[in-house]
Amino acid sequence: QVQLVESGGGLVQPGGSLRLSCVASGSIFRNYVMGWYRQAPGKQRELVAHITVGGGTGYADSVKGRFTISRDNAKNTVALQMNSLKPEDTAVYYCNRLGTAWGWGQGTQVTVSS
């Protein structure tokens, strides 16, 4: 069973940056499209970025140009560099595969506030 551990969240002022990291156990990580999701209070979880096995990326319109997703298959990690953060980016961020999700990790809280 794949376990996902997210880290790197915190409190940041508007316009600031954070880098999130997700470590996945198990060698099958490299075979899947991976994504970063977020869930704000009272809202459904949404996909904000994804990265294919070959490194192709896609982003939600709300984060395009500000967030960058990357992966290191050798280390079973996927990262999300978040720049120009806005208050509406406040949420718990999770990583998981696209499609049939593995069990969700605990997520990492990102709070953007002055």
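**Entry 1: a charge over two rings**

I began at R45, whose charged end sits over the ring of Y94, 4.4 Å from the centre of that ring. I then looked for a second ring beside this arginine, and found that R45 also lies over the face of W104, at 3.8 Å from the ring centre. I note here that I am reading a predicted model, and I keep that in mind for every value below.

**Entry 2: the surroundings of W104**

I looked up where W104 belongs, and found it in the loop between β9 and β10. Leaving aside residues up to four places away in sequence, I listed what W104 touches: Y37, R45, Y94, C95 and N96. Is W104 buried or partly exposed? Its relative accessible area is 35%, and W104 is therefore partly exposed, since buried would require a value under 20%. I also checked W104 against the early part of the chain, where E6 is 98 residues away in sequence, and the C-alpha atoms of the two are separated by 9.9 Å.

**Entry 3: the aromatic pairs**

How many aromatic pairs does the structure hold? I counted 3 of them. One of these joins Y32 and W102, with ring centres 5.2 Å apart and planes at 80 degrees, so I recorded the pair as edge-to-face. I placed Y32 in the loop between β3 (18-24) and β4 (34-39), and W102 in the loop between β9 (91-97) and β10 (108-112), so this pair ties together parts that are 70 residues apart in sequence. For exposure, I noted that Y32 counts as partly exposed at 24% relative accessibility, whereas W102 counts as buried at 12%.

I turned next to Y37 and W104, whose ring centres lie 5.1 Å apart with the planes at 85 degrees, so this pair is edge-to-face. Here too distant parts of the chain are linked, because Y37 is in strand β4 and W104 in the loop between β9 and β10, 67 residues apart. Y37 is buried, with a relative accessible area of 12%. Which residues do ring pairs link into a cluster? I found Y37, Y94 and W104, and I recall from my opening entry that R45 has its charged end over the ring of Y94.

**Entry 4: strand β7 and its partner**

I followed the side chains along strand β7 (residues 67-72) and saw that they alternate: F67, I69 and R71 point to one face and are buried, while T68, S70 and D72 point to the other face and are not buried. I then looked for the partner of β7, which is strand β8 (residues 77-82); the two run antiparallel and are joined by 6 bridges. Within this pairing, I69 stands opposite L80 in β8. The hairpin of β7 and β8 has 4 residues between the strands, and there N76 takes a positive phi near 55 degrees.

**Entry 5: the whole protein**

I closed with the overall picture, in which I found 0 helices and 10 strands. The radius of gyration is 13 Å, close to the 13 Å that the globule rule gives for 114 residues, so the protein is as compact as a globular protein of that length. Taken along the principal axes, the C-alpha atoms fill a box of roughly 40 × 25 × 20 Å. Of the 114 residues, 40% count as buried, and the accessible surface comes to about 5800 Å², of which 48% belongs to carbon and sulfur atoms. Among contacts with a separation of 6 or more, I noted that 54% are accounted for by residues 24 or more positions apart.

Notes: Residues are numbered from 1 along each chain as its sequence is written. Side-chain values use heavy atoms; hydrogens and water are left out. Rings of Phe, Tyr and Trp (its six-membered ring) pair if their centres lie within 6.5 Å; planes under 30 degrees apart count as stacked, over 60 as edge-to-face and the rest as tilted. Buried means under 20% relative accessible area, exposed over 50%, partly exposed in between (1.4 Å probe, protein chains only). A charge sits over a ring if NZ of Lys or CZ of Arg is within 6 Å of the ring centre and within 35 degrees of the ring normal. The radius of gyration is taken over C-alpha atoms; the globule rule is 2.2 Å times the number of residues to the power 0.38. Contact means heavy atoms within 4.5 Å. Accessible areas come from the Shrake-Rupley method with a 1.4 Å probe; for residues, only the protein chains shown count as cover. Two strands pair if DSSP finds at least two bridges between them.
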